[in-house]
Amino acid sequence: MFIVSSARKIYNRLRLWQLRRAGLTLPDDCKLGGLPDFGSEPYLITIGHHVAMAAEVCFLTHDGGTHVFRDQERYKKVIKYGRINVLDNCVIGQRAIILPGVTIGPNSVIAAGSVVTRNIPPDVLASGNPAKPVMPIHQYAEWCLAAMPDYDPAEYQRDKKAFLLKFHMRGSSRVPMAGSEPPSGESDPG
């Protein structure tokens with residue numbers, strides 16, 4: 001497993017080097033949870049500083065649907081391309097799709113699985129297909145804070161897996177595994 005992981009990291013570094021050489025703008029302070037699909041025109045993509053992207057994010061810089069009618073004389077010259085700009089301090093969730101001609105405003109979060117078809121304003125959480133602003137980022141921050149129980153950060157750092165297996169955020173569902181006991185103060189639903 002170590003060899004596969006190391007090979008993947010080497011491949012991702014090499015691929016990012018190639019994409020940057022081809023014109024992708026991606027600062028070093030960005031965090032990638034896997035290698036996004038930067039499409040066939042990476043030079044049309046500009047990523048700002050301190051942007052985080054989860055796995056399997058897909059950037060589409062052109063609309064291949066024009067293939068259907070381009071053999072007709074009237075539409076022979078039709079092509080559809082668009083720049084994509086992700087401004088500073090954004091998060092793009094897993095499997096989000098960003099379409100041509102889109103700008104994502106600074107300090108915004110794109111929820112997992114969203115399809116961004118239009119510009120997203122600054123300082124919002126956007127979600128859906130098509131992605132639309134759901135709430136201001138400060139409201140999202142307060143919502144996340146309200147769901148957080150008090151916990152020991154040292155315990156989290158010491159053994160993340162063990163901590164997360166017993167961790168329970170307020171408002172989330174918890175289905176105990178067979179043979180496990182509910183956390184103290186909760187009754188067994190079964």
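This note goes through the overall make-up, the nonpolar core and the cysteines of a predicted model.

1. Overall make-up. The protein chain has 190 residues, of which 26% count as buried. Its secondary structure amounts to four helices and 12 strands.

2. Surface and contacts. About 12,800 Å² of the protein chain is exposed, and carbon and sulfur atoms supply 56% of that area. Taking contacts in the protein chain between residues at least 6 apart in sequence, 22% join residues at least 24 apart.

3. Nonpolar core. The largest nonpolar core comprises 26 residues. Those with the most contacts inside this core are I47, M53, F59, V86, I92 and I104. At least two residues of the core come from each of α1 (2-21), β2 (45-47), β5 (84-86) and β11 (124-128). In soluble globular proteins, nonpolar side chains tend to be buried together.

4. Surroundings of I92. Leaving out residues up to four places away in sequence, I92 touches A52, M53, A54, V57, F59, V86, I98, I104 and I110. I92 is also among the residues with the most contacts inside the largest nonpolar core.

5. Disulfides. There are zero disulfides in the structure. For C90, the nearest cysteine sulfur belongs to C30 and lies 9.8 Å away. A disulfide requires two cysteine sulfur atoms within 2.5 Å, so C90 is in none.

6. Cysteine exposure. C90 has 1% relative accessibility and therefore counts as buried, the cut-off being under 20%. C144, at 28% relative accessibility, counts as partly exposed, because that value falls between the 20% and 50% limits.

Key
Residues numbered from 1 in each chain as written. Predicted model: local features only at pLDDT ≥ 70, side-chain atom pairs only at ≥ 80, totals over all residues. Heavy atoms only, no water. Buried < 20%, exposed > 50% of the residue type's maximum accessible area, 1.4 Å probe, protein only. Contact = heavy atoms within 4.5 Å. Areas by Shrake-Rupley, 256 points an atom, 1.4 Å probe, with all protein chains shown as cover. Core = buried A, V, L, I, M, F, W, Y, C linked by side-chain atoms within 4.5 Å.
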